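Got your viewer open? Load the model, give it a spin, and let's take a short walk through it together.

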Amino acid sequence: RTASGGSVMSTPASAGVKVVSGAVKGRLRMIDKVNTYASQLVREVEVDAGTLLPLSAQILDPVRASVVFPTPKSILDFACWMIENGEKVGLPVVRVKNKFAVQDSAEYDGYRALMLPV
């Protein structure tokens with residue numbers, strides 16, 4: 001188990017890849033997130049004609065996991081595979097957030113990640 005309540009999984013076939021599951025985001029944290037970013041978010045999201053979702057529908061990461069790769073190439077290989085095959089395995093990629101592409105790493109305190117919400 002990790003400090004955040006998640007677990008780490010690694011298998012011989014994964015060749016240095018680690019999967020870290022995070023704890024489910026708590027209700028209070030989700031409320032805080034909506035309140036913090038409410039001015040930047042679309043108030044209502046229309047899915048189908050006449051079907052609106054609440055602002056909270058824009059919380060994309062209530063359940064999360066991290067996959068840690070040993071090389072940049074392995075990150076890219078996995079990302080490409082997920083984008084091409086995610087829907088087939090029930091995990092379609094809905095967005096790509098590339099923090100490697102940011103010019104100023106100070107914006108994220110030096111943290112770099114490629115995030116693929118599914």
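Let's begin with aromatic rings. Keep in mind that this is a predicted model. Going by ring centres that lie within 6.5 Å, the count comes to 1 aromatic pair. To see this pair, select Phe 69 and Phe 78 and show their side chains: the ring centres are 5.2 Å apart, and the planes make an angle of 40°. That makes the pair tilted, because tilted is the name for whatever is neither under 30 degrees (stacked) nor over 60 (edge-to-face).

Stay with these two residues for a moment. Is Phe 69 buried or exposed? Its relative accessibility is 19%, so Phe 69 counts as buried, since the cut-off for buried is under 20%. Phe 78 has 30% relative accessibility, so this one counts as partly exposed.

Now keep Phe 78 selected and add Val 67, Trp 81, Val 89, Leu 91 and Val 118. Together with Phe 78, they make a nonpolar surface patch of about 500 Å². Switch on the surface and colour these residues to see the patch. Where does Val 118 sit? Look in the segment after strand 7 (114-115). Val 118 has a relative accessible area of 48%, so it is partly exposed.

Next stop: the largest pocket. Its volume is about 1,600 Å³, and 41 residues line it. To find the middle, select Asp 61, Ala 65, Met 115, Leu 116 and Pro 117, the lining residues that lie nearest its centre. Which elements supply at least two residues each to the lining? They are strand 2 (18-21), helix 1 (27-37), strand 5 (65-68), helix 2 (72-85) and strand 7. Helix 2 gives the most, with 5 residues.

Now hop over to helix 1 and click on Arg 27, which belongs to this helix. Arg 27 has a relative accessible area of 65%, so it is exposed. Add Pro 62 to your selection and draw a distance between the two C-alpha atoms. Arg 27 and Pro 62 are 35 residues apart along the chain, yet their C-alpha atoms are separated by 9.0 Å.

Finally, zoom out and switch to the cartoon view. How many helices and strands are there in the protein? You should find 2 helices and 7 strands. Trace the chain along the sequence and the pattern reads β-β-α-β-β-β-α-β-β. One last thing to colour is burial: of the 118 residues in the protein, 16% are buried, and Phe 69 from the start of the tour counts as buried.

Terms used
Residues are numbered from 1 along each chain as its sequence is written. This is a predicted model: local features need pLDDT of at least 70, side-chain atom pairs count only at pLDDT 80 or more; totals for chains, interfaces and linings use all residues. Side-chain values use heavy atoms; hydrogens and water are left out. Rings of Phe, Tyr and Trp (its six-membered ring) pair if their centres lie within 6.5 Å; planes under 30 degrees apart count as stacked, over 60 as edge-to-face and the rest as tilted. Buried means under 20% relative accessible area, exposed over 50%, partly exposed in between (1.4 Å probe, protein chains only). Patches are made of residues with over 30% relative accessible area and no salt bridge: like charges are joined within 9 Å, nonpolar side chains (Val, Leu, Ile, Met, Phe, Trp, Tyr) within 5 Å. Accessible areas come from the Shrake-Rupley method with a 1.4 Å probe; for residues, only the protein chains shown count as cover. A salt bridge is a side-chain nitrogen of Lys or Arg within 4 Å of a carboxyl oxygen of Asp or Glu. Helices (H or I, at least four residues) and strands (E, at least two) are DSSP runs, numbered from the N terminus. On a 1 Å grid over the protein atoms alone, a cavity is a set of points where a 1.4 Å probe fits but cannot get out, and a pocket is an open set with protein on both sides within 12 Å along at least five of seven lines; lining residues have an atom within 4 Å of a point. Grid points are joined across faces, edges and corners, and a volume is the space filled by probe spheres set on the points.
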